[in-house]
Amino acid sequence: MRHSVPQAASPPQGKPKASLDCAAHGKPQTIKIKCDLSFKWQGSHFLKEEIAITLNIKRLRLNAKLPYRATADSVGYDLFACIDENVVIPAKGRVKIPCGIAVEVPQGFGAFLFARSSLGTKFGVVPANCVGVVDSDYRGEIIVPLANHSDTDYIVSPNDRIAQMVIIPVLCPEISEVTELNKTERGDGGFGSTGKGE
C-alpha cells in the first residue's frame with residue numbers, strides 16, 4: 001500500500017502579504033520576498049522595532065515553485081518538490097527531494113526547514129535531520145531529506161509541499177573558555193531532574 005500527498009493548493013490569487021514579483025516564464029531569475037519583522041535585542045530581551053528585510057530567491061529550474069505563505073499570518077513559507085515524476089520514499093527509508101531554488105538569507109538570520117504537520121502526523125514523513133539549517137552564506141540548492149517512519153511506501157509528486165521554511169534571527173556570540181561557570185540553583189541537574197508533571 002502506498003500513500004500519496006494531497007495535491008498542493010495553488011497560491012491565492014492577487015498579491016499575498018509577502019509580495020512576489022517575477023515573470024512566469026523566461027530565464028531563471030532572482031525573486032525578492034519582502035517582509036516586516038519587529039525585534040531588537042536589548043541584552044536580555046527583544047524590543048519591538050519595525051525593520052524590513054528582503055529574502056532573495058533564485059529559481060534554479062524553470063519548473064520550480066516559489067515558496068509562499070498559505071495565509072497572511074503563516075510563519076512558514078511552504079517549500080515544493082521540484083521533481084519531474086513521482087518519487088517513492090520506501091517504508092523506513094530516506095530520500096533527498098530538491099526544491100529547485102536557492103536563497104540568499106540576510107546576515108543575522110537563518111532559514112530553518114521544519115516538517116509540515118500534516119505529513120508528520122498523518123503519514124510519518126518528516127525531515128530526516130529533524131530541522132534543516134540554511135546559513136546566510138549558503139548559495140546552493142535547497143534540498144529536503146525526507147524520512148518515512150511509517151510501514152508503507154510514500155509517494156511524493158511534482159509540486160507537492162514537502163516542508164516549511166521559517167526565517168529566524170540568530171545570535172552568534174564569541175566563544176570564551178572559562179574554568180568555572182556561575183552557580184545556579186539547578187546546577188548540573190539534567191534529564192528528569194525537574195520531575196514529571198505537576
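Student: Is C99 buried or exposed?
Tutor: C99 counts as buried, at 1% relative accessibility. Buried means under 20% relative accessible area, exposed over 50%, and partly exposed in between, with a 1.4 Å probe and protein chains only. This is a predicted model, in which local features need pLDDT of at least 70, side-chain atom pairs count only at pLDDT 80 or more, and totals for chains, interfaces and linings use all residues. Residues are numbered from 1 along each chain as its sequence is written, and side-chain values use heavy atoms, with hydrogens and water left out.

Student: How many disulfides does the structure hold?
Tutor: It holds zero disulfides, a disulfide being a pair of cysteine sulfur atoms within 2.5 Å.

Student: Why is C82 not bonded to C99?
Tutor: The sulfur of C82 has its closest cysteine sulfur in C99, but the 8.1 Å between them is too far for a bond. C82 also counts as buried, at 5% relative accessibility.

Student: Turning to the rings, how many aromatic pairs are there?
Tutor: There are two aromatic pairs. Rings of Phe, Tyr and Trp (its six-membered ring) pair if their centres lie within 6.5 Å; planes under 30 degrees apart count as stacked, over 60 as edge-to-face and the rest as tilted. Y68 and F80 form a stacked pair, 5.8 Å centre to centre with 10° between the planes.

Student: Are Y68 and F80 buried or exposed?
Tutor: Both Y68 and F80 are buried.

Student: And which pair is tilted?
Tutor: F123 and Y154 form the tilted pair, at 5.2 Å centre to centre and 50° between the planes.
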